[in-house]
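Biologist: Hello! I am new to this structure. Could you pick one part of it for a close look, and then show me how that part connects with the rest?

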Amino acid sequence: MNRGTRNSILLLRIFVGFLVLYLGLMKFLNLTSRADFIFGNTRIFDSFYQWLLLPYNSLWLEFFDTWGLMIVGVLLVAGFFTRSASYVGISYMALYYFALLDFPIVGEFYYIISDHVIYVICFILFISSRA
């Protein structure tokens, strides 16, 4: 891999890391929607997401949703355990993507491909390039 490609992947990893860290901080400070709002309006895999919203799952779900994003962001920015953080990031983005999917519309603004798919592609790049 040449130097320009390597530096581009490094910058992408740092910026995606800061973005994921920011998303986790916003959830921690309750400035963005909570998991019960996102997972409560699902149309695909509805029984799975309803199971996640049961009262005995809410504590670990909020912990996982908030702190997991922040940890993934910090690991990506720092460059430690990048591949492991990318695998966790892929699972997060898949979880959010399918929660918002009402085929072919994703959320309110997207048609099939949302920002979650772009993040997954970035995480796959980090894994395959050993960023």
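**The sheet and its surroundings**

Modeller: Happily! Three strands form an open sheet in the order β1-β2-β3, with antiparallel pairing. Its edge strands are β1 (101-102) and β3 (110-111), each of which pairs on one side only. Strand β2, residues 105-106, runs antiparallel to β3, and two bridges link them; two strands pair here if DSSP finds at least two bridges between them. Within that pairing, valine 106 stands opposite tyrosine 110 of β3. The names come from DSSP runs numbered from the N terminus: helices are H or I runs of at least four residues, and strands are E runs of at least two.

Before we move on, a word on what you are looking at. This is a predicted model, in which local features need pLDDT of at least 70 and side-chain atom pairs count only at pLDDT 80 or more, while totals for chains, interfaces and linings use all residues. Residues are numbered from 1 along each chain as its sequence is written, and side-chain values use heavy atoms, with hydrogens and water left out. The predictor's confidence in each residue, pLDDT, goes from 0 to 100. Its mean over the protein is 86, and 92% of the residues reach 70 or more. Confidence is highest in α6, at a mean of 94, and lowest in helix α2 (residues 35-39), at 64. Where pLDDT is low, the predicted coordinates should not be read in detail.

Now let us leave the sheet by way of β3. The loop between β3 and α6 holds isoleucine 112. Isoleucine 112 has a positive phi of about 65 degrees, although it is not a glycine. With a relative accessibility of 32%, isoleucine 112 counts as partly exposed, because that class lies between buried (under 20% relative accessible area) and exposed (over 50%), using a 1.4 Å probe and protein chains only.

Next comes histidine 116, a residue of helix α6. Histidine 116 is buried, at a relative accessible area of 11%. Its side chain and that of aspartate 115 share a polar contact of 3.3 Å. Such a contact is a pair of N or O atoms within 3.5 Å; within protein, one must be able to donate a hydrogen and the other to accept it, and residues adjacent in sequence count only if both atoms are side-chain atoms. Not counting residues up to four places away in sequence, histidine 116 touches Met93, Tyr96, Tyr97 and Leu100, where contact means heavy atoms within 4.5 Å.

Met93 also takes us to the largest nonpolar core, which has 14 residues; Val16, Leu76, Met93, Phe123 and Phe126 have the most contacts inside it. At least two residues of this core come from each of α1, α4 (55-78), α5 (82-100) and α6 (115-129). Apart from this one, there is a second, separate core of five residues, including Tyr49, Leu52, Leu95 and Ala99. A nonpolar core is a set of buried Ala, Val, Leu, Ile, Met, Phe, Trp, Tyr and Cys residues joined through side-chain atoms within 4.5 Å. In the larger story of these contacts, phenylalanine 126 touches Ile9, Leu12, Arg13, Val16, Leu76, Thr82, Ser86 and Ala131, not counting residues up to four places away in sequence.

Several of those partners belong to α1, where the buried residues include Ile9, Arg13 and Val16. Leu76 is one of the buried residues of α4. After α4 comes glycine 79, with a positive phi near 85 degrees. The loop between α4 and α5 also contains phenylalanine 81. Phi of phenylalanine 81 is positive too, near 50 degrees, and at 62% relative accessibility this residue counts as exposed.

Finally, let us return to the sheet from another direction. Threonine 42 sits in the loop between α2 and α3 (46-52). Although threonine 42 and aspartate 102 are 60 residues apart in sequence, their C-alpha atoms are 7.8 Å apart in space. Threonine 42 is buried, with a relative accessible area of 9%. Leaving out residues up to four places away in sequence, threonine 42 touches Tyr49, Gln50 and Ala99. Tyr49 and Ala99 are both among the residues of the second core, and that brings our tour to its end.
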